[in-house]
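Welcome! Please have a look at the model below, then work through the exercises at your own pace.

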Protein chains: 2
Amino acid sequence: MNAVTPTGNGRLRAERVTLAHGGGGKAMRDLIEDVFTSVFEPDGLEDQARLSHEMLAVEGARLAFTTDSFVVQPLEFPGGDIGKIAVCGTVNDLTVGGAQPLWLSAAFIIEEGTEVALLRRVAAAMRRAADQAGVRIVTGDTKVVERGAADTLFVTTSGVGVIPAGRELAAEKVRAGDVALVNGVLGDHGAAILAARGDMVFEADIRSDCRPLNHLMEAVIEAAPGVRCARDATRGGLASALNEISQASAIGIEIDEARLPMRAEVKGVCELLGLDPLYLANEGALVLFVPEEQAEAALAAMRSTEAGRDAAIIGRAAEMRSPRVVMHSLFGGSRIVDMLVGEQLPRIC
Amino acid sequence: MNAVTPTGNGRLRAERVTLAHGGGGKAMRDLIEDVFTSVFEPDGLEDQARLSHEMLAVEGARLAFTTDSFVVQPLEFPGGDIGKIAVCGTVNDLTVGGAQPLWLSAAFIIEEGTEVALLRRVAAAMRRAADQAGVRIVTGDTKVVERGAADTLFVTTSGVGVIPAGRELAAEKVRAGDVALVNGVLGDHGAAILAARGDMVFEADIRSDCRPLNHLMEAVIEAAPGVRCARDATRGGLASALNEISQASAIGIEIDEARLPMRAEVKGVCELLGLDPLYLANEGALVLFVPEEQAEAALAAMRSTEAGRDAAIIGRAAEMRSPRVVMHSLFGGSRIVDMLVGEQLPRIC
């Protein structure tokens, strides 16, 4: 990890982005090289990256490939910004499929008039998150649209990783009796964004959980090689992640409300606003299923990592006549946890 | 190539996109599966693609990885739409680096209120272009932003391809005496977009040249294995592509105006509007440099393909004290062709 994040080559003098910075000429080159390339890859970034990696040549290894656009509002919030989320989100997408993330691309759609200083902060955050995850941002693109045609900045990252030979995580593999674990407290990202929007009547000291989860995942796989599947609980929250797994595996899932790790502040925000924390977005939380006999090893492995300090066993897969996600509540009852219907919070990531 | 492009599973009933379609729940799943997944990969598209390809395991083969956001306005124009351009642009980015394109990702940022029918047309165009190029769209993402936060639709594609062992195209390899070729008429895309914007005082029957160039490139490499480098002449046009090559190789480039293939209609539009056709964007044009003794073979190979019917030799690399791009004009003079300064046309791709 670099101790100091590179901060550009100083060639771009403009304070704000103009349409000329998207025109394909000199101004665009200055923007790209000064603000992005020199931060991501000081030795130079090609329009097209050409990459070798010994793991690619291993018989049976597969390539993982994923993409996400990020439109989070506000662009900067406690615990992160659109750049950090764009790197962590794509790293985590690869991670939950069992891939070891290697390379990212980053494409920026920039509104005319956007402050160059903002772009520099976003690029620096991306580099720091990439360093933390141990990935490289190897190619990119910028487009500039006229004032009013976009809301300041959208970032799209794609990621390429390698799935080692023989590793096969899939929701379809979950069996009755498998244990469900999460790596940490739930809902921090959603609550932090809500608070950061400033249209709340309260102030809450909640930071987004935005962070890369690949090192945690590797630790779990080493300790509990039978891990069935993992899912990051982003848009739609834990509830959506569990429903997707339940549907794919055609098996029921029971979780215990009492075991869900959650901050009092986040519970408070949800009560105040009538939100269900199970649907709050996370950017550094995953749920995974392991065979019962490996559950304690998986839990210990998670807790040995920074991103898994608050890990917990939250429930298990169970035969059900009609497979659903069911939550046993604090008060002894139980309720069905359905897929999110309608929108809860727009532009959460 | 599929004769019939799949048109969705019919599950999405809405006529316009709402914020709920971006919320991570059922509505989002219906949008993604009906409009995109079932068209791109009827057998199902995972959030993360897991891919095997025998070429990846070949010693010395490298992975190529590239990305581009597309913000073209209008979204549909004669000869293409934002979807076709998003597929062809990324395929061609991989192509000019010597890669054989294999897989694409597609990320959509959609403004609330966008017509679902438009999205279906765009998805169908993407599938057709992917079929034409012989690539698969294997993963994707959708985000919905509120009305006014984006201009209807932005598309970001990323591409992964394989560079066969031993293939090394690079602008740095261009030597004095190498011959420059283009595959077809120049400026059609830029002129078509200008005309399609409807704010011109003329009507012109010009279609974008938007098309995949990978099959053409493979034909050239087979016929002229010594090809030094290729560059697609997109934003900034032929002038920018040649300047990039000249700078990277520190060698001068001379081109002959009389040899540049260009439609009379495009010349007319440029004269009328005071535009320099050398800077007009293309979406299906590339320039490449080959050793002199392979120039005729390369030309014949290009002309044997659909996308190279109008191929021409346009100039050559030459020693110059201060390496520049110089054009010998129709009238016997010559002028320096510089990098584009400022913007010519915003949102051309």
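A polar contact is a pair of N or O atoms within 3.5 Å; within protein, one atom must be able to donate a hydrogen and the other to accept it. Keep that cut-off at hand, and bear in mind that this is a predicted model.

**Exercise 1. Describe helix 2 of chain A, from its start to what follows it.**

Solution.
- Step 1: Look at the start. There, a side-chain oxygen of A:D81 comes within 2.9 Å of the backbone nitrogen of A:G83, and a polar contact allows up to 3.5 Å.
- Step 2: Check the length. With 15 residues at 1.5 Å a residue, the helix should span 21 Å, and its end C-alpha atoms are indeed 21 Å apart.
- Step 3: Ask how enclosed the helix is. Because 14 of its 15 residues are buried, helix 2 of chain A is largely enclosed by the rest of the structure.
- Step 4: Move past the end. A:G98 follows the helix and has a positive phi, near 90°.

**Exercise 2. Place A:G89 in its surroundings: which residues does it touch, leaving out those up to four places away in sequence?**

Solution.
- Step 1: Locate the residue. A:G89 belongs to helix 2 of chain A, which covers residues 82–96.
- Step 2: Judge its exposure. The cut-off for buried is under 20% relative accessible area; A:G89 has 6% relative accessibility, so it counts as buried.
- Step 3: List the contacts. Leaving out residues up to four places away in sequence, A:G89 touches A:F70, A:D232 and A:E283.
- Step 4: Compare sequence with space. A:D232 is 143 residues from A:G89 along the chain, yet their C-alpha atoms are separated by 8.9 Å.

**Exercise 3. Find out why A:C88 forms no disulfide with its closest cysteine.**

Solution.
- Step 1: Recall the bond. A disulfide is a covalent bond between the sulfur atoms of two cysteines.
- Step 2: Take the distance. The closest cysteine sulfur to that of A:C88 is in A:C210, at 4.0 Å, which is too far for a bond; the cut-off is 2.5 Å.
- Step 3: Widen the view. Over all chains, the structure holds 0 disulfides. B:C349 is in none either, with the nearest cysteine sulfur, that of B:C210, 10 Å away.
- Step 4: Add the exposure. A:C88 is buried at 1% relative accessibility, and B:C349 is buried with a relative accessible area of 6%.

**Exercise 4. Is B:D34 buried or exposed, and which polar contacts does its side chain make?**

Solution.
- Step 1: Locate B:D34 in helix 1 of chain B, residues 26–40.
- Step 2: Read its accessibility. At 0%, B:D34 counts as buried.
- Step 3: Follow the side chain. It reaches the backbone nitrogen of B:G10 at 3.1 Å, and a polar contact of 3.0 Å joins it to the side chain of B:R120.

**Exercise 5. Work out how many residues each chain brings to the contact between chain B and chain A.**

Solution.
- Step 1: Count the residues. Chain B gives 71 residues and chain A gives 71 residues.
- Step 2: Look at the area. The two chains bury about 5700 Å² between them, 56% of it on carbon and sulfur atoms.
- Step 3: Pick out the top contributors in chain B. B:R50, B:F65 and B:R235 supply 14% of the area that chain B buries against chain A, more than any other three residues.
- Step 4: Take one example across the chains. B:T142, in strand 6 of chain B, touches A:R235.

Note on methods:
Residues numbered from 1 in each chain as written. Chains lettered and ligands numbered in written order. Predicted model: local features only at pLDDT ≥ 70, side-chain atom pairs only at ≥ 80, totals over all residues. Heavy atoms only, no water. Helix = DSSP H or I, 4+ residues; strand = E, 2+ residues; numbered from the N terminus. Buried < 20%, exposed > 50% of the residue type's maximum accessible area, 1.4 Å probe, protein only. Contact = heavy atoms within 4.5 Å. Expected span 1.5 Å × (residues − 1). Buried area = accessible area lost by both parts, 1.4 Å probe.
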